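Ready for a few exercises? Take a look at the model below, then work through the tasks with the solutions at hand.

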Amino acid sequence: MKTIFYCFLLLAFTLSYSTHLNGQTKPSTEFTVEDSFQKEKKNILKLNLLAVSLLENLEISYERALSPKQSIEARVGLIGIGLINHEYLTIEDENGNDKKRPVVNNGLFFSGGYKFFINDSNYFNKKRKSNILRGLYLQPELIAGFYSRNKTIRLAPNYNSRLKKEKVNYQAALLNIGFQGIFKNKIVFELFAGLGIGNDNLPELNDPWLYFGEFHRGIYKSTTGVSTAGKLGIRLGLLF
C-alpha cells in the first residue's frame, strides 16, 4: 500500500515540475489590438482617381490613425484640373472665329472627416496581420469650396459673345460609407460613396423640371440652394 502511495506522489511531483519548466521555456503568445496599434504604420496619402479622370478636380487626402478603429482625414481639391472637361462655351473672337472655353475656370475645396471602422474585434488579429486602417468604415464629412465659372453674354451693337465670370461657393455635410484595402502593408485602395445635405449661392431655378442637378466638382447637388448632395470615388494611396 505504501509503495502505491509513494508512486502516486512521485508522479504528481514529476507532472508539476514538467508544467513549471514548460511555463518558463515557452514565450507568451498573448496578443492585443493595442499592441498592434503601437507597431503599425499610421499615415496614408491618397489621390482620388475618379475625380482627376472624370470629375474635373484633383483631390489629395491625408489620413492619420488615432486609435485601432478610428482615424481623422483632411482633403484639398483643385477644381478645374482633370483629364476631361465636361462643359464648354463657344464664343467669337475679334476676327469672328469661334473658340471654345471651359465653363469651370478654377477653384478650391477643402474637407475633413472622422472615420469609424466597423470591423469586429476578431478582425485585427495576429494571424491575419491586418492593418488598423483597413476595412469597412463610416465617415461624417464637412466640405466647403469655391470656384469661378464662365458665362456668355452678348454685347450690342454686333452681339458678339463675351465671357463673364461667375463666382460660386458651396458647402455640404455628408455621411460616407466605404471600404479601404491595404496590400503588402504599403498600397492603399479605397472605394466610397456619400450622401447628405448641401448648399450653394446659385439663384433659384425658373424651370427645375429641365434641370439635372448642379455638379460642383467636389460634390453633386440635386438643385440650387439647400438640397440633397452626394459624392463617390476611388482613391489610391501609400501607407507610411
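## Exercise 1: Ile44 and its surroundings

Leaving aside neighbours within four places in sequence, Ile44 touches Ser61, Tyr62, Glu63, Leu133, Gln180, Val188, Leu238, Leu239 and Phe240, where contact means heavy atoms within 4.5 Å. A word on the ground rules: this is a predicted model, in which local features need pLDDT of at least 70 and side-chain atom pairs count only at pLDDT 80 or more, while totals for chains, interfaces and linings use all residues. Residues are numbered from 1 along each chain as its sequence is written, and side-chain values use heavy atoms, with hydrogens and water left out.

Task: Find the strand that holds Ile44, and decide whether Ile44 is buried or exposed.

Solution:
- Step one: Ile44 belongs to strand S1 (residues 43–48); strands (E, at least two residues) and helices (H or I, at least four) are DSSP runs, numbered from the N terminus.
- Step two: Ile44 counts as buried because its relative accessibility is 0%. Buried means under 20% relative accessible area, exposed over 50%, and partly exposed in between (1.4 Å probe, protein chains only).
- Step three: go to Gly237, which is 193 residues from Ile44 in sequence, yet the C-alpha atoms of the two are 6.5 Å apart.

## Exercise 2: Rings and a charge

Task: Work out how the rings of Phe117 and Tyr137 are arranged.

Solution:
- Step one: the whole structure has three aromatic pairs. Rings of Phe, Tyr and Trp (its six-membered ring) pair if their centres lie within 6.5 Å; planes under 30 degrees apart count as stacked, over 60 as edge-to-face and the rest as tilted.
- Step two: Phe117 and Tyr137 have centres 6.0 Å apart and planes at 65°, so by the cut-off over 60 degrees they are edge-to-face.
- Step three: Phe117 sits in strand S6 (residues 104–117) and Tyr137 in strand S7 (residues 135–155), 20 residues apart. Both are buried.
- Step four: look at Lys115, whose charged end sits over the ring of Tyr137, 4.2 Å from its centre. That label requires NZ of Lys or CZ of Arg within 6 Å of the ring centre and within 35 degrees of the ring normal.

## Exercise 3: Following the salt bridges

Task: Which residue forms a salt bridge with Lys115, and which strands do the two lie in?

Solution:
- Step one: Lys115 pairs with Glu190, the closest N and O atoms being 3.1 Å apart. A salt bridge is a side-chain nitrogen of Lys or Arg within 4 Å of a carboxyl oxygen of Asp or Glu.
- Step two: Lys115 is in strand S6 and Glu190 in strand S9 (residues 187–200), so this bridge ties together parts 75 residues apart in sequence. Both residues are buried.
- Step three: now try Arg149, which meets Glu166 in a salt bridge of 2.8 Å, N to O. Arg149 is in strand S7 and Glu166 in strand S8, 17 residues apart.
- Step four: Glu214 also bridges to Arg149 at 2.8 Å, N to O. Since Glu214 lies in strand S10 (residues 214–215) and Arg149 in strand S7, the pair ties together parts 65 residues apart in sequence.
- Step five: Glu214 and Arg149 are buried.
- Step six: salt bridges that share partners join one network of Lys46, Glu59, Glu63, Glu73, Arg75, Lys115, Glu141, Glu190, Lys231 and Arg235.
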